[in-house]
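Here's a quick walk through a few local features of this model, from a helix and its ends to some backbone oddities. Have the structure open while you read.

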Amino acid sequence: MTSASVMNDKPCWERDGRSWPNRECSRFVEAGGLRWHIQEAGSGPPLLLIHGTGAASHSWGGLLPLLAEHFQVLALDLPGHGFTAAPEPKQLSLPGMAAAVSALTQSLGFVPEVAVGHSAGAAILARMCLDGNIQPRLLISLSGALLPLRGFAGKWFSPAAKLFARNSVVPRFFARGARKDPRSVKRMADGTGSRLTPEGIALYRLLISYPGHLAAALNMMANWDLEPLARELPQLEPQLVLVSFENDKTIPPIEAEQVKRLVSSAQLHCLPSLGHLGHEEHPLAILELIMRELGSSKPALG
């Protein structure tokens, strides 16, 4: 198990949050035994944003202000990520993360009508819906990690993640590498198929340079089990909107097509010329898609 000293070696808001995107929307709250960093903005139908593994609320930096013109938006740093406190490593599982975010939304009295999740964030939202903790009318999955890895990758990934998560040296090693070589973080981002701005790369480098943030991501991957979720996806009640990105090298568009076969009522969109972090590359395209979907389901939303 990753040591507490590593899990708590995290970014400091007073120092590292000075240039955080949408800083004026940030505050810290206590819920479910954790101190959370959240961002709130706008008015209108409540909309919840959940980022993916290894990211933080900065991932919505360009999209949040656009959404805030139409919605009451809540974004957050997942447990152990960014500026949110780290729980016990074993709680960084899909059910554990879903329960933690549910405790936060319930504490805030936030009842989302629309829920948007990127990558693993989409799985967390789906789990929250299936557990009855949220009941949005619209669930939008941006390059959602909703299905288990297959083949060699599936057999190798989980054991490797568990090995790395148990070793406190690994997050320290990679954090040190991010601090020493900024090009390594750009190579990682490029490997997703996305082309981020220098400012976007710098924010990921800031996060990855802290062992605690990396350890949370590793433990999340080590504890991840999507088999139960995949079996239950056909029971989802919200209208599911599957958004894939043409150049995504992390979760290729075929994954969304496979989910569509499980959830026949789902809407499927593939956005061209974008990678795994397409919502960071082109936030306006995501806003326009959400508004179109909201308009088509307006009678249901009231």
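## Helix H4 and its surroundings

In H4, the buried residues (under 20% relative accessible area with a 1.4 Å probe, protein chains only; exposed is over 50%, partly exposed in between) are Leu-94, Met-97, Ala-98, Ala-100, Val-101, Ser-102, Leu-104 and Thr-105. Keep in mind that this is a predicted model, where local features need pLDDT of at least 70, side-chain atom pairs count only at pLDDT 80 or more, and totals for chains, interfaces and linings use all residues. Residues are numbered from 1 along each chain as its sequence is written, and side-chain values use heavy atoms, leaving out hydrogens and water.

Helices here are DSSP runs of H or I with at least four residues, strands are E runs of at least two, and both are numbered from the N terminus. H4 covers residues 94-108, 15 residues in total, and spans 21 Å from first C-alpha to last, close to the expected 21 Å at 1.5 Å a residue (that is 1.5 Å times one less than the number of residues). At the N-terminal end, Ser-93 acts as a cap, with a side-chain oxygen 3.1 Å from the backbone nitrogen of Gly-96. After H4 comes Gly-109, which has a positive phi near 70°.

What does Ser-102 touch, apart from its neighbours within four places in sequence? Ser-102 is in contact (heavy atoms within 4.5 Å) with Met-128 and Asn-133. The side chains of Ser-102 and Asn-133 also share a polar contact of 3.3 Å; that term means a pair of N or O atoms within 3.5 Å, and within protein one must be able to donate a hydrogen and the other to accept it, while residues adjacent in sequence count only if both atoms are side-chain atoms. Ser-102 has a relative accessibility of 3%, so it counts as buried.

## Two serines with positive phi

Most residues other than glycine have a negative phi. Here are two that don't follow that habit:

| Residue | Phi | Loop between | Relative accessibility |
|---|---|---|---|
| Ser-143 | about 50° | strand E6 (138-142) and helix H6 (151-166) | 3%, buried |
| Ser-273 | near 65° | strand E8 (267-271) and helix H13 (278-281) | 55%, exposed |

## H8 against H9

Helix H8 (residues 182-190) packs on helix H9 (residues 198-208) at about 110°, with axes 9 Å apart. That angle makes H8 roughly perpendicular to H9 (65 to 115 degrees). Among the residues that meet are Val-185 and Met-188 in H8, and Ile-201 and Tyr-204 in H9.

Key:
Axes fitted to C-alpha atoms, helices over the stretch in contact; angles between N-to-C directions. Parallel < 35°, antiparallel > 145°, perpendicular 65-115°, else oblique.
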